[in-house]
Amino acid sequence: ALPLAVVPHGRDLALRPAPPPPSPAAAGRLVLAAWGHLHPLKGQDLILGAIARLPDPCRVRLHLAGADVEAKFSARLRELARGLDVLFHGPFVEAELSRHPAAGAHAMVSGTRALESWGLVVDEAVALRMPVVLPRSGALPDRLAEGALFYTPRDVDSLAAALRRLLEEEGLVARLRAALPPLAVVAPSRAAHVERVLSVYEQARTAGPPPPPPRPPGEQAALLAAEEEWDRALSRCPDEELGFS
C-alpha cells in the first residue's frame, strides 16, 4: 500500500475569539451560529427544523450569516423561522467574523447535506474557539475529533438531540471549547502548509521509486517467445509489405 499524507489547507486566519459567553444555563438560552451561503446543500432548514423540535425552542437563538443564493429556499427559511428566535444577517466577510454577532455564540452548527471534502467553516470556528455541531459525514469527523458534537447526517431528530445536550447538559459547552485543538493543527498558515508539502516531497524523493511488482512465473519466457515469433513473421514478409521499397 502507498503511504498517504494528509496535508491541511494553508489559511492565514487572523480571527480572534470573543470572550466566552455565559453558559446556556446562566444565560437562560443557547446561542447558535451558522455561516455560509443560504443554500439547500448547506442545510439551514435542517437546523431550523431541529430547533423547532426542542421542548422549548424559545430558549435557543440562532444567528444565520450568509448570502441568499436561491430565492425559493431563502423564502422557505424565513417561513420556517417564524416564531423562532432567528436573526438573518445577510452576507458576511470572513476576515470580519471576529466582530460579527455570530462570534458570541456558544457553538457553530452545520446542517450541511453535502459530502464535505474539507469544511472551511470548521477552520473558522476553531479560530473563534467555538465548539461545533456537525454531521458525521465526509471529512468532518476526521478533521475534528475533539470539541465537536456529531449527529446522523440529514437527520433532524439526531441534530435536535445534539442541540438539546448543549442546552441541558451542564458544563458541556465549556468542556467542548476546552477540547478544541489548536488552530495551527486544524488550519496551519500558508507558510506551514508549504513546508509540509515540501516535506512530503522530500520523503518521497528519499524513499525512491517502489520496487516493481513480481512477474508471474514463466512471463519472461513467454515474452521472449512472442518476440522471436514476431521476428520470424517479419522475416517472411516481402520488403514491399514492410515499406522498404
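Reader: Where does Ala67 lie?
Author: In this predicted model, Ala67 is in the loop that runs between strand S2 (60–65) and helix H3 (71–80).

Reader: Buried or exposed, that Ala67?
Author: Ala67 counts as buried, because its relative accessibility is 18% and the cut-off for buried is under 20%.

Reader: And which residues does Ala67 touch, not counting those up to four places away in sequence?
Author: Ala67 touches Gly36, His37 and Leu38, along with Gly90 and Pro91.

Reader: How far is Ala67 from Gly119 in space?
Author: The C-alpha to C-alpha distance is 18 Å, and in sequence Ala67 and Gly119 are 52 residues apart.

Reader: OK, switching to the sheet. What order do the strands have?
Author: The order is S3-S2-S1-S4-S5-S6, in an open sheet of six strands with parallel pairing.

Reader: Which ones are the edge strands?
Author: Strand S3 (85–90) and strand S6 (148–151), each of which pairs on one side only.

Reader: By how many degrees are neighbouring strands turned against each other?
Author: On average by 25 degrees, with direction ignored.

Reader: Back to S6 for a sec. How many bridges are there between S5 and S6?
Author: Four bridges, with strand S5 (residues 132–135) and S6 pairing in the parallel sense. In one of the pairings, Val132 has Ala148 in S6 as its bridge partner.

Reader: What does helix H2 touch on the sheet?
Author: Helix H2 (residues 44–52) packs on the sheet and touches strand S1 (30–35), S2, S3 and strand S4 (107–109).

Reader: And what angle does the direction of H2 make with that of S2?
Author: About 170 degrees.

Technical notes:
Residues numbered from 1 in each chain as written. Predicted model: local features only at pLDDT ≥ 70, side-chain atom pairs only at ≥ 80, totals over all residues. Heavy atoms only, no water. Helix = DSSP H or I, 4+ residues; strand = E, 2+ residues; numbered from the N terminus. Buried < 20%, exposed > 50% of the residue type's maximum accessible area, 1.4 Å probe, protein only. Contact = heavy atoms within 4.5 Å. Pairing = 2+ DSSP bridges. Axes fitted to C-alpha atoms, helices over the stretch in contact; angles between N-to-C directions.
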